[in-house]
Amino acid sequence: MSTTEQTEAPTALAPAHVAPPVSSPRTWIRDAAMATPPGAAEARRSTATVRTVDVIRMLGSAAAAVGLTAWLYFFALPLQGQLGFVLISYLIFLILFAILTSFDENRITVKDRLIAVFIQSLAFILLLALFSVVIYTFGRGLAPLGNLNFFIEDMSNAGPLEPLTQGGVLHAVVGTLIMITIALAISIPLGLLTAVFLSEFPGRYASFVRTIVEAMTALPSIVAGLFIYATLIVFLGFNRSGFAASLAITVMMLPIIIRSADVVLRLVPGNLKEASRALGASTWRTVWNVTLPTARSGLTTAIILGTARGIGETSPVLLTAGATTFLNLNPFNGPMTSLPLTTFTFVKSPELTMVARGFGTAAVLMVLVLILFALARAIGGRGAGQLSVRQQRARTRQSRDDDYRYRRRELGLDRNGGGASRGSLRARLGIGHPLPPRESPATPTRKDTKS
Amino acid sequence: MAASVETGSVEAGAVETGTVETDSVETDSVETGTAILEVTEPMTEALPVAEDKPRKLSSKIDRPDAAFRWIARGGGTIVVTVMSLVGLFLAYQGFQALQVAGPSFLTEQSWDPNSGKFGIAAVLAGTFFIALTAISFALPLALGTALYISEYAPAKIRNGLVTIVDLMAAVPSVVYGLWGVFFLSPNIIPVSQWLSTYLNWIPVFRVNGFDTNDPLASPTVFAASTFIAGIVVALMVAPITSSIMREVFTQAPIGEREGALALGATRWGMIRNVVLPFGRGGIIGGTMLGLGRALGETIAVFLIISPVFVIQPHILEKGANSISALIALRYNEASVFEISALMAAGLALFLITLVVNFIASTIIVRSRSGSQSD
């Protein structure tokens, strides 16, 4: 941007017909008559960050690079492979682009443009990889997903050689839901309590707890599984069950929830809490009535993102749940399975139908994670105390009613019995104001409160 | 109040000009002046007599509040207990195996606990090879994405990009594993072959058992390698690394950015001289955090590699291993002693990731607090 200004500035500021007075060193104020000859409109300068010339250069060098690589591949060199083609043409593209830019620009500008292209392609690769993962999984999972039995049957009657019209993953869906429910039932209260402790009672002990929790957020999930396996199954002698798997998921999920909830709670404005304390509320009342409701959307997001992580983990479940092909509704007795674990067992099979089922299961799992993620985005994304559209509308209505009531009192209309409710109803419906308007609208419009 | 105003006005009349009929503001100021006079006089006499005592500030905590305090503290204690139990139990259960193996636990490559000959040298080295391969792919990808989102992307799509990168971090690891096995492996083998053919003077790219001059040599020797596992793990850790870097980059002070641009810097010049030095802590911390994730990744690695129990520094060659894959592979039909050995291996992994994460979070916190003080 700035280099463009540097290089193009003289031509843009001083078109041919305007001669700046070079001889006098005074400040030169451009005369309106001098700048634009009568009849000619002044050309508006573009402030766009994308330059047309760069785009043209880029397209040109890309076309040239692909052509050159094709020639190298098919006629000149003994090369093969699609990925190699892409890599070599990209390299040639960079070189050509640099040469093309260097015709018009200096070395510093060439470097800037080249690095800009390189950084954008790195970002593009990462996004491409994500889309490739998602689309490939859905693409190969389509075959089993087309059959209804995939969602309403378990695998108890379907061996590895059965066609896709038999057997399904109901047991895995149910298992996942049961496990995550138990895990959430433990980790939501405990996690929120700990997060409240960290944010409301700061001190040496709280910072110690915070350090431990931070270190544990990236606890390898298999270690969480191994811990439950060591304690519950080896040490205490219980059988593998859905409950053990939920405990393993809890151990993995808890630090994640605590950390993000702690961050959200620390964002609650201090003046709200101080106002509550000034009104005489205790710490407990302040937390319950001010801090938690203010941070509600952020806390929900924290919990949902933790849930998405917990649902997707395979290794804790692998060690503790024990795989099964039967639908098991009792988390305390008998083995259970979950969606990722079922995916894992399916794709280990050499049978193609089983692999297809594995992709179908993975697609179901992805849909579940995507739903949770979309939910988190819809609820979250708002800071502490920011209102949703609905809440804002309610608040606007309430404040309009209040305003109406005050003005009735001012004008002495309160004596008319039952008038208040009728008036507020009329205001709510937006049927004209029977009262003279004030100079400054006390009612906040939605536009005002949003900013 | 009324009495003091009267005396004030009288005194004002006596001392000053005759403006007794003043508005309220002036009488107020006069009144405060006399009030100060009245207070200061006795104070100068009283000071040497009685010493000033600091007021005792005490706050009484009522019973529900005290209960709340204890419950919250209890919640924190439970969490810390569970978290430290993870380490303690692994140490307790692995102690038996560690006692048998002794120091050879760190140097022995094979894994055969029932004959007493076992160690984590091979799996530990394998874990690090996979993690380092992953980081060497993830670091440029994450850095590029973070810079693109914070510096280059149009404002309209910026939020969408952030969401997509966050979503990428939420995709289950088993899905990445599937993609790696069924999509990436077949497509990446020609690249591996090319690397080993033309770059085999670099030791890590050398492949045993592949004759580059033999046109019939089977490319299957390149399947299930550290390289492929590393790329898949890189895709899994790049989002978290990237989002930490982006967070730090966007905090780079706007004044210095604009200053650099105003001095005539190109965009890259600005990034190199303002954003990157400022975000160094975020880059290092994010990368360390990614390394911690990469060390602990299980299922994707387990699906891709074919386990070997020798130190395999040739990353393109078939056969790799990691501690987490070892646990997932062997826990099932293990004897009691084997379980103990696996616990010891898990303990090693736990301690390594703990140290890496601890360093990472310290660096990240420091880089953030530095940005706030500016």
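Biologist: Where in chain B is Ala224(B) found?

Modeller: Ala224(B) is in the loop between helix H6 (173–198) and helix H7 (226–250) of chain B. Bear in mind that we're looking at a predicted model.

Biologist: Why does Ala224(B) count as buried?

Modeller: The cut-off for buried is 20 or more other C-beta atoms within 10 Å. Ala224(B) has 21 C-beta neighbours inside 10 Å, so Ala224(B) counts as buried.

Biologist: And what makes the phi of Ala224(B) worth a look?

Modeller: Its sign. Most residues other than glycine have a negative phi. Phi of Ala224(B) is near 55°, a positive value in a residue other than glycine.

Biologist: Let's try chain A. Why is Val110(A) called partly exposed?

Modeller: A residue is buried at 20 or more neighbours and exposed at 12 or fewer, with partly exposed in between. Val110(A) has 19 C-beta neighbours inside 10 Å, so partly exposed is the label for Val110(A).

Biologist: Which element holds Val110(A), and what does Val110(A) contact beyond its neighbours within four places in sequence?

Modeller: Val110(A) lies in helix H5 of chain A. Leaving those sequence neighbours aside, Val110(A) is in contact with Ala98(A), Thr101(A), Ser102(A) and Glu105(A). As for Phe97(A), that residue is 13 residues from Val110(A) in sequence and 8.9 Å away in space, C-alpha to C-alpha.

Biologist: What makes Phe346(A) buried?

Modeller: Set the count against the cut-off of 20 or more. With 25 C-beta neighbours inside 10 Å, Phe346(A) counts as buried. Phe346(A) sits in helix H15 (residues 339–347) of chain A. Not counting residues up to four places away in sequence, Phe346(A) touches Met354(A), Val355(A), Arg357(A), Gly358(A) and Thr361(A).

Biologist: How many Å separate the C-alpha atoms of Phe346(A) and Thr286(A)?

Modeller: They're separated by 51 Å, with the two positions 60 residues apart along the chain.

Biologist: Now for the two chains together. Why are H5(A) and H4(B) called roughly perpendicular?

Modeller: The label covers angles of 65 to 115 degrees. The axes of helix H5 (residues 107–145) of chain A and helix H4 (residues 121–152) of chain B cross at roughly 110°. H5(A) and H4(B) are therefore roughly perpendicular to each other. Those axes come within 8 Å, and H5(A) passes H4(B) in a left-handed crossing.

Biologist: Which residues make that contact?

Modeller: From H5(A), you've got Ala116(A), Ile119(A), Gln120(A), Leu122(A), Ala123(A), Ile125(A) and Leu126(A). From H4(B), there are Pro140(B), Leu141(B), Gly144(B), Thr145(B), Leu147(B), Tyr148(B) and Tyr152(B). By class, the residues of this contact split into eleven nonpolar, three polar and no charged.

Biologist: How many residues does each chain put into the whole contact between chains A and B?

Modeller: Chain B puts in 73 residues and chain A 77 residues. On the chain B side, helix H3 (residues 63–101) gives the most, with 18 residues. That side of chain B has 49 nonpolar, 18 polar and six charged residues.

Biologist: What are the chains built from, and what share of each is buried?

Modeller: Chain A has 19 helices and zero strands, with buried residues making up 36% of its 451 residues. Chain B has 13 helices and two strands, and 45% of its 374 residues count as buried.

Biologist: What share of the contacts joins residues at least 24 apart in sequence?

Modeller: In chain A, 68% of the contacts between residues at least 6 apart do so. In chain B, the figure for contacts with a separation of 6 or more is 76%.

Biologist: How do you know which parts of chain B are annotated "transmembrane region"?

Modeller: That comes from UniProt, in an unreviewed entry, and the spans include 118–149 and 298–316 of chain B. In the model, residues 118–149 of chain B are 91% helix and 3% strand, while residues 298–316 of chain B are 32% helix and 0% strand.

Biologist: What does UniProt place at residues 173–376 of chain A?

Modeller: An unreviewed entry there carries the annotation "domain: ABC transmembrane type-1". The model makes residues 173–376 of chain A 78% helix and 0% strand, with the end C-alpha atoms 21 Å apart.

Note on methods: Residues numbered from 1 in each chain as written. Chains lettered and ligands numbered in written order. Predicted model: local features only at pLDDT ≥ 70, side-chain atom pairs only at ≥ 80, totals over all residues. Axes fitted to C-alpha atoms, helices over the stretch in contact; angles between N-to-C directions. Parallel < 35°, antiparallel > 145°, perpendicular 65-115°, else oblique. Left-handed = near helix turned anticlockwise from the far one by under 90°. Contact = placed C-beta atoms within 7 Å. Nonpolar A, V, L, I, M, F, W, Y, C, P; charged D, E, K, R; others polar. UniProt positions renumbered as here; feature names shortened; annotations may be inferred.
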